[in-house]
Amino acid sequence: MHKQKRFTMIIMAVLLISILAACGQSATNGSSTTPAAGTDTAPAAQESATITYKAANGDVEVPRHPQRVVVLADSYYGYLYSLGIKPIATTNKPFDSIYLKDTTEGVTNLGETPEVEKVLALNPDLIIVWDGDANLDKFAKVAPTVAIKYGQYTYKEQLQEFGKMTGTEDKAKEVATAWESKINEVKPQVQAAVGDKTVSIIQPYAKGVYVMGDSFGRGGEIIYQELGLKGTEMTQKEAIDNGPGYVSISLENVPDFAGDYIFTAPWGGDADKEGTSLYNSSLWKQLPAVKAKHVFNIDPIAYYFNDPISMNAQLDFIVKSLTGK
């Protein structure tokens, strides 16, 4: 009996040793909770829910992926939409643009001068306003509010800024790449058709005429920057090299600024909404571009914008007008 008991104890000891050896092997194979020297076992950092964006009104903490964006700086509506972010509300101009109105279904039209109460009632999680907006402080108390200074960035830079602001950097790069490809495709055709001839963008208003440069919408970025076409000497000097991107001239000075090709629309912001002061004048009718029927009418609202959606449509019209294709 004594021998049998001793034999049983030996067997149990062997089993215990085997179990301990197996545990040791398991630990060696990576199941140990003790990390090896130099191993980073911290869990992957979760994506922050917000982004600190440097705006014209300072550093603003905005949602990384905003869902309820109100755009009061209407020039930028199309930028957001091109990045896959459909604003829930904006002012009236996008609704009046032939190139943007199809994107505004379900979007609240806040009119020309939005009421603060109506904006706040929409429960936005991001508001985009012009720098100097009188109600900026009121908006900022309710939702992150980003002020943008027009012209601080080129239109290409502005697209990338919106990518940073809304967590859509990859989409912004994708949109920019597609645009560059389109320009590279059509630019040789346009330059071959136009050659050394000059192109102007002219907008009459009640007290004179605006001649647009290469950085104030109306197709100027496309014509002068992207397609590399030339303005007249006076257009280059007064509207491109100097000023805010346009110059105001008197009617009698139009021949000095009018190119061999003219893109035109009435400004529409005053009593002369049809531009009759210019278009009905004998001076206009005697311009070489008018006589040659090299005048192309653009939509005054649709060409106000320089966002990716608007510019793609503008480019199609400009190329067709200058090449006949």
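Threonine 91 is the place to start: at 3% relative accessibility it counts as buried (under 20% relative accessible area, with over 50% being exposed and anything in between partly exposed, for a 1.4 Å probe and protein chains only). The model is predicted; local features need pLDDT of at least 70, side-chain atom pairs count only at pLDDT 80 or more, and totals for chains, interfaces and linings use all residues. Residues are numbered from 1 along each chain as its sequence is written, and side-chain values use heavy atoms, leaving out hydrogens and water.

**Stop 1: Thr91 and the largest pocket**

Thr91 sits in the loop between strand E4 (89-90) and helix H3 (93-96). Helices (H or I, at least four residues) and strands (E, at least two) are DSSP runs, numbered from the N terminus. Show the side chains of Thr91 and Asp74: they make a polar contact at 3.3 Å. The term covers a pair of N or O atoms within 3.5 Å; within protein, one must be able to donate a hydrogen and the other to accept it, and residues adjacent in sequence count only if both atoms are side-chain atoms. Beyond four places in sequence, Thr91 is in contact (heavy atoms within 4.5 Å) with Val71, Leu72, Asp74, Asn109, Leu110, Gly111, Glu112 and Pro114.

Now select Leu72, Asp74, Thr91, Asn92, Lys93, Glu112, Thr113, Pro114, Trp130, Asp133, Asn135 and Phe139, which line the largest pocket. On a 1 Å grid over the protein atoms alone, a pocket is an open set of points where a 1.4 Å probe fits, with protein on both sides within 12 Å along at least five of seven lines; lining residues have an atom within 4 Å of a point. The volume of this pocket is about 250 Å³, counted as the space filled by probe spheres set on the points, which are joined across faces, edges and corners. Colouring the lining by class gives 4 nonpolar, 4 polar and 4 charged residues. Here Ala, Val, Leu, Ile, Met, Phe, Trp, Tyr, Cys and Pro are nonpolar, Asp, Glu, Lys and Arg are charged, and the others, Gly among them, are polar.

**Stop 2: the second largest pocket**

The next selection is Tyr76, Tyr79, Tyr150, Gly151, Tyr153, Thr154, Tyr155, Gln158, Ser215, Glu221, Gln225 and Asn306, the lining of the second largest pocket. Its volume is about 200 Å³. Which helices each supply at least two residues of this lining? They are helix H6 (155-166) and helix H8 (220-226). By class, the lining divides into 5 nonpolar, 6 polar and 1 charged.

**Stop 3: Ser82**

Tyr79, in that lining, leads to Ser82, whose side chain reaches the backbone oxygen of Tyr79 at 2.7 Å. Ser82 belongs to helix H2 (residues 77-82) and is buried, at 13% relative accessibility. Further along the sequence, beyond four places, Ser82 touches Leu159, Lys171, Val175, Pro308 and Ile309.

**Stop 4: the nonpolar cores**

Select Ile128, Val146, Phe162 and Leu322, the residues with the most contacts inside the largest nonpolar core, which has 51 residues. Such a core is a set of buried Ala, Val, Leu, Ile, Met, Phe, Trp, Tyr and Cys residues joined through side-chain atoms within 4.5 Å. Helix H7 (residues 169-194) supplies the largest share of this core, 7 residues. Centre on Ile128: leaving out residues up to four places away, it touches Val69, Val70, Val71, Leu72, Ala73, Leu80, Val146, Ile148, Phe162 and Met165.

A second, separate core has 15 residues, including Ile202, Ile249, Phe257 and Ala289. From there, go to Ile262 in strand E11 (residues 261-264). Is Ile262 buried or exposed? Ile262 has a relative accessible area of 0%, so it is buried. Its contacts beyond four places in sequence are Ser200, Ile202, Trp284, Leu287, Ala289, His294, Val295 and Phe296. The C-alpha atoms of Ile262 and Val290 are separated by 8.2 Å, with the two positions 28 residues apart along the chain counted as their separation.

**Stop 5: two positive phi values**

Arg218 lies in the loop between strand E9 (208-212) and H8. Its phi is near 60°, a positive value in a residue other than glycine. Arg218 is buried, at 9% relative accessibility. Lys293, in the loop between helix H13 (288-291) and strand E12 (295-297), also has a positive phi near 60°. Lys293 is exposed, with a relative accessible area of 72%.

**Last stop: the whole chain**

Zoom out to the protein chain, with 14 helices and 12 strands. Of its 325 residues, 43% are buried. Among contacts between residues at least 6 apart in sequence, 62% join residues at least 24 apart.
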